Amino acid sequence: MTMDNDLKSGDQPENPGTETRRVSTSGDIELGTYLEIAKGQEATKPSEDTGRFPGVDRESIIVLDFGSQYNMLIARRVRESKVYSVLMPPDSSWESIASLNPRGFILSGGPASVYDPGAPMPPPYIFEKRLPVLGICYGMHALAHQLGGKVVKGEKREYGHAVLHLNEQNSPLFQGLPPSLPVWMSHGDEVIELPPSFHNLASTDNSPIAAMGNDQGILGLAFHPEVAHTPLGKSILQNFLYNICGCKGTWTSGNFITDSIQSIKDTVGSGRVICALSGGVDSSVAATLVHKAIGDQLTCIFVNNGFLRREEAERTLETFRRNLKMKIKYVDATERFLKCLAGVIDPELKRQRIGEEFIRVFEESASQIGQADFLAQGTLYPDVIESSSPSSKASVKIKTHHNVGGLPANMSLSLIEPLRYLFKDEVREVGLALGLPEDVIWRQPFPGPGLAIRIIGEVTREKLETLRAADWIVMHEIKKAKLYRSLWQTFAVLTDVKSVGVMGDFRTYGNVVAVRAVTSEDAMTADWAHLPYDLLARISNRIVNEVPAVNRVVYDISSKPPSTIEWE
């Protein structure tokens, strides 16, 4: 998933060689502190817990992450129901969770079997605290195994659609649902014996025990209610939140804004902050939150790294200066970034070098405007997860986001990341509530490394110009067809393949451009967009005729997973 990994920033170090301190300002300071201690980094801890939602009761659901590819969707679905939720590793201490005022726990799925050596298990406090618990897939197996049931390798694996038949329709978990409903399965193990005092709540043709529960609010589901393939899954989760956990639904963008602004004020004090702007929603919302909190203590830096799209630098500067009225410094670092990527073809190395060069550019820029103490950036929750953060120890790294794993280890600034625990749609809601213009809010995600990771292989000036021209055509035709808002991302990729063609009765050996368009809700999963054939034909015809050295256009029909949205 490549979210809107906007250009980030840095400043002149006061004590070169000291480690980065990361401070979450999304209202979840204790969690941010815990994560950084887990990384072995120093974190700035507030003097007191001011509470997440001023004026309302604070509440949260803790999702213990056992490594499922759907773990973030669980947290997302809970938040969609106006209850704050956060992913935590299963070995989290109770002290790191207590300040979040949990109303219940959800145990995610995962790739392990409960009988694997060292298989992760729920911590004892989830039972000792007598809070409701919902185990999903592996989470259900772990509950059954710990509480005296029996889990075995299934005779038949169960992947994909299944029909769930309710045995106890009066269960509060299934309140208001029909006696049979479609669900999505993804497991190889199964529960064959219930723990003492548990009831068999539902079954499928392949799983005699597909849901279980007891009278103390400990429940398990063999299927995944969080995915779209379980149409009534959100209702099941809402029943857990409201019927079983007693949540009140206090998680709103307005509460988030109020809490974040106060937290930023408390964190920054009289310090100075720099923030990089790219024109994307993530950096724009982050900068606006910081600006509302500290005003002219913030200086924004817009860096043209040479990997932007056609006219992007000019449009971005004009939009910010007209609408956001912040102090902005423009830096053209095209030559520096091209030089640092000379000869580089590995995509991970590209991201790492770009991330480090960003910080160095910001350090130099900040030294020209005065000493800065903090670096604000628009890191999102999916950025952290895909870069394999400490909050997801059971997950594997998909790719390094330049604003997470690409930051240099010896950076001296404290990080302010007000959006670190938000999903993209939540960021857009916050942006609308802050009054940002719609052309900023609904801008399609654009990766921080920019066109550098849409050129397969070495990045050169000539390749950038070719890709800019092709991408301009793709975007123009998509907007002309009025499809821009309905698509998650649309772009061109310059592949490292050349093909034989015929143009003007002459043989050509030209570049191959791939067109990518996807639909998604949050970029954790995505499907290729079924664009009209005539639109694809216009795009292909224009690129071949208007972009020199390109003689072939292909359309990417890969979904995520197994592919990612970006090619690198």
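A polar contact is a pair of N or O atoms within 3.5 Å; within protein, one atom must be able to donate a hydrogen and the other to accept it, and residues adjacent in sequence count only if both atoms are side-chain atoms. Hello everyone, let's use that straight away. The side chain of Gln-377 makes such a polar contact with the side chain of Glu-417, at 2.7 Å.

Before going on, a word on what we are looking at. This is a predicted model, where local features need pLDDT of at least 70 and side-chain atom pairs count only at pLDDT 80 or more, while totals for chains, interfaces and linings use all residues. Residues are numbered from 1 along each chain as its sequence is written, and side-chain values use heavy atoms, with hydrogens and water left out.

Back to Gln-377, then. Where does Gln-377 lie? It sits in the loop between strand S14 (374–376) and helix H12 (381–386). Helices (H or I, at least four residues) and strands (E, at least two) are DSSP runs, numbered from the N terminus. Is Gln-377 buried or exposed? With a relative accessible area of 1%, Gln-377 is buried. Buried means under 20% relative accessible area, exposed means over 50%, and partly exposed is in between, using a 1.4 Å probe and protein chains only.

Now the whole chain. It has 16 helices and 19 strands, and 61% of its 568 residues count as buried. Contact means heavy atoms within 4.5 Å. Among the contacts in the chain with a separation of 6 or more, 77% are between residues 24 or more positions apart.

Next, the inside. A nonpolar core is a set of buried Ala, Val, Leu, Ile, Met, Phe, Trp, Tyr and Cys residues joined through side-chain atoms within 4.5 Å. The largest one here has 156 residues, and Ile-106, Phe-174 and Ile-543 touch the most other members. A second, separate core of nine residues includes Ile-456, Val-493, Ala-523 and Ile-565. As background, nonpolar side chains in soluble globular proteins tend to be buried together. If we leave aside neighbours within four places in sequence, the contacts of Ile-543 include Ala-470, Ile-473 and Val-474.

Those three bring us to helix H15, since Ala-470, Ile-473 and Val-474 are among its buried residues. H15 covers residues 461–480, and its 20 residues should span 28 Å at 1.5 Å a residue; the end C-alpha atoms are 29 Å apart, which agrees. The expected span is 1.5 Å times one less than the number of residues. What covers the buried residues of H15? The cover includes helix H10 (334–340), strand S16 (489–503), S17, helix H16 (533–546) and strand S19 (550–555). One residue of H15 to click on is Thr-466, which is buried at a relative accessible area of 15%. Neighbours within four places aside, Thr-466 is in contact with Leu-494, Val-547, Pro-548 and Val-550.

Strand S17 runs over residues 506–519 and holds Asn-511. Asn-511 is buried, with a relative accessible area of 15%. Its contacts, again without neighbours within four places, include Leu-494 and Val-550. Asn-511 and Lys-463 are 48 residues apart in sequence, and their C-alpha atoms are 9.8 Å apart in space.

What about the cysteines? A disulfide is a covalent bond between the sulfur atoms of two cysteines. Here we count a pair of cysteine sulfur atoms within 2.5 Å, and the count comes to zero disulfides. Why is Cys-245 not bonded to Cys-247? Because the two sulfurs are 5.1 Å apart, too far for a bond, even though the sulfur of Cys-247 is the closest to that of Cys-245. Cys-275 is in no disulfide either, with the nearest cysteine sulfur, that of Cys-300, 5.1 Å away.

Last, some backbone oddities. Most residues other than glycine have a negative phi, and most peptide bonds are trans. Lys-82 has a positive phi near 65°, in the loop between helix H2 (71–80) and strand S3 (84–88). Asn-101 also has a positive phi, about 50°, and is partly exposed at 30% relative accessible area. As for peptide bonds, the one joining Lys-560 and Pro-561 is cis, with omega about -15°. The bond from Pro-561 to Pro-562 is cis as well, with omega near 15°. Pro-561 lies in the segment after S19. Thanks for listening!
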